[in-house]
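Here is a quick walk through one protein chain, from its loops to its overall make-up. Keep the viewer open as you read.

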Amino acid sequence: IPAFLYFFQKLYPFSWINDPSRRTAGAAGGCMLVRRADLDAIGGVETIRDRIIDDCALAVEIKRHAPIRLYLSKRATSLRPYNSLNDIWKMVRRTAFVQLNHSVVALLGTVIGLFIVYGMPPVATIAGAYLNNDQIWVPGLAAWILMSLSYAPILLRYRVPLWSSLFLPVAAGLYTLMTIDSGRLYLFGNAPGWKGRHYGELHKTDRKSPGA
């Protein structure tokens with residue numbers, strides 16, 4: 001899912017993850033290889049048994065003892081299907097509020113930030129064009145183009161048409177709604193679970209990757 005990878009790399013820059021001098025750690029749970037000695041050094045999977053974001057939690061623990069690496073690959077194929085928006089929605093809302101440390105303030109800040117960065121450029125472009133005000137639509141369009149260019153490398157890697165980069169604001173809007181939904185479910189005591197684990201049980205113990 002190109003948009004998911006795009007936003008994931010903003011939370012967990014691969015160059016930071018792969019740098020032993022930085023604390024940032026992240027992982028993709030679909031395909032992880034861990035040396036047995038490193039796993040034993042952290043106390044085994046028992047160490048992360050109560051974490052919702054278990055792949056990144058494992059990366060955090062491993063990086064305290066050994067270097068880690070995270071790369072994109074065309075040689076691995078996911079066996080978990082995401083055939084609809086609903087499937088993606090459930091995946092994101094399961095962990096989004098955990099990533100924000102269950103903070104309402106962080107949730108509000110994230111929503112505002114996403115709107116400013118990804119929503120304002122197309123809004124300014126369309127509104128400025130409608131008002132025939134080039135002081136609004138020109139910088140709005142420039143920001144929209146720059147945003148699309150930042151998305152292009154992911155699209156090229158996975159052979160997605162470049163014109164679809166113009167719809168990054170739509171993807172950002174959807175992920176914003178998923179994040180809000182994650183917070184809503186948690187705050188109203190109906191948070192989604194994962195493998196028998198629930199936000200309500202874990203909000204004091206689940207930790208995100210330092211520096212991410």
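Asn132 sits in the loop between H6 and H7; helices here are DSSP runs of H or I with at least four residues, strands are runs of E with at least two, and both are numbered from the N terminus. This is a predicted model, where local features need pLDDT of at least 70 and side-chain atom pairs count only at pLDDT 80 or more, while totals for chains, interfaces and linings use all residues. Residues are numbered from 1 along each chain as its sequence is written, and side-chain values use heavy atoms, with hydrogens and water left out.

Asn132 has a phi near 55°, a positive value in a residue other than glycine. Further on, Arg159 in the loop between H7 and H8 also isn't a glycine, yet its phi is positive at about 55°. Gly189, just after H8, takes a positive phi of about 70°.

How open are some of these spots? The table uses relative accessible area: buried is under 20%, exposed is over 50%, and partly exposed is in between (1.4 Å probe, protein chains only).

| Residue | Place | Relative accessible area | Class |
|---|---|---|---|
| Asn132 | loop between H6 and H7 | 68% | exposed |
| Arg159 | loop between H7 and H8 | 75% | exposed |
| Val117 | helix H6 (residues 104-131) | 47% | partly exposed |
| Ser164 | loop between helix H7 (134-157) and helix H8 (168-187) | 17% | buried |

What does Ser164 touch, leaving aside its neighbours within four places in sequence? Ser164 is in contact (heavy atoms within 4.5 Å) with Tyr151 and Leu155. Tyr151 is 13 residues from Ser164 along the chain, and their C-alpha atoms are 9.5 Å apart.

After that loop comes H8, with 20 residues. From first C-alpha to last, H8 reaches 28 Å, close to the 28 Å expected at 1.5 Å a residue; that expected span is 1.5 Å times one less than the number of residues.

Now zoom out. The chain has nine helices and two strands, in the order α-α-α-α-α-α-α-α-β-β-α along the sequence. Of its 212 residues, 42% are buried. Take the contacts between residues at least 6 apart in sequence: 70% of them join residues at least 24 apart. The chain exposes about 12,700 Å², and carbon and sulfur atoms supply 62% of that area, worked out by the Shrake-Rupley method with a 1.4 Å probe.
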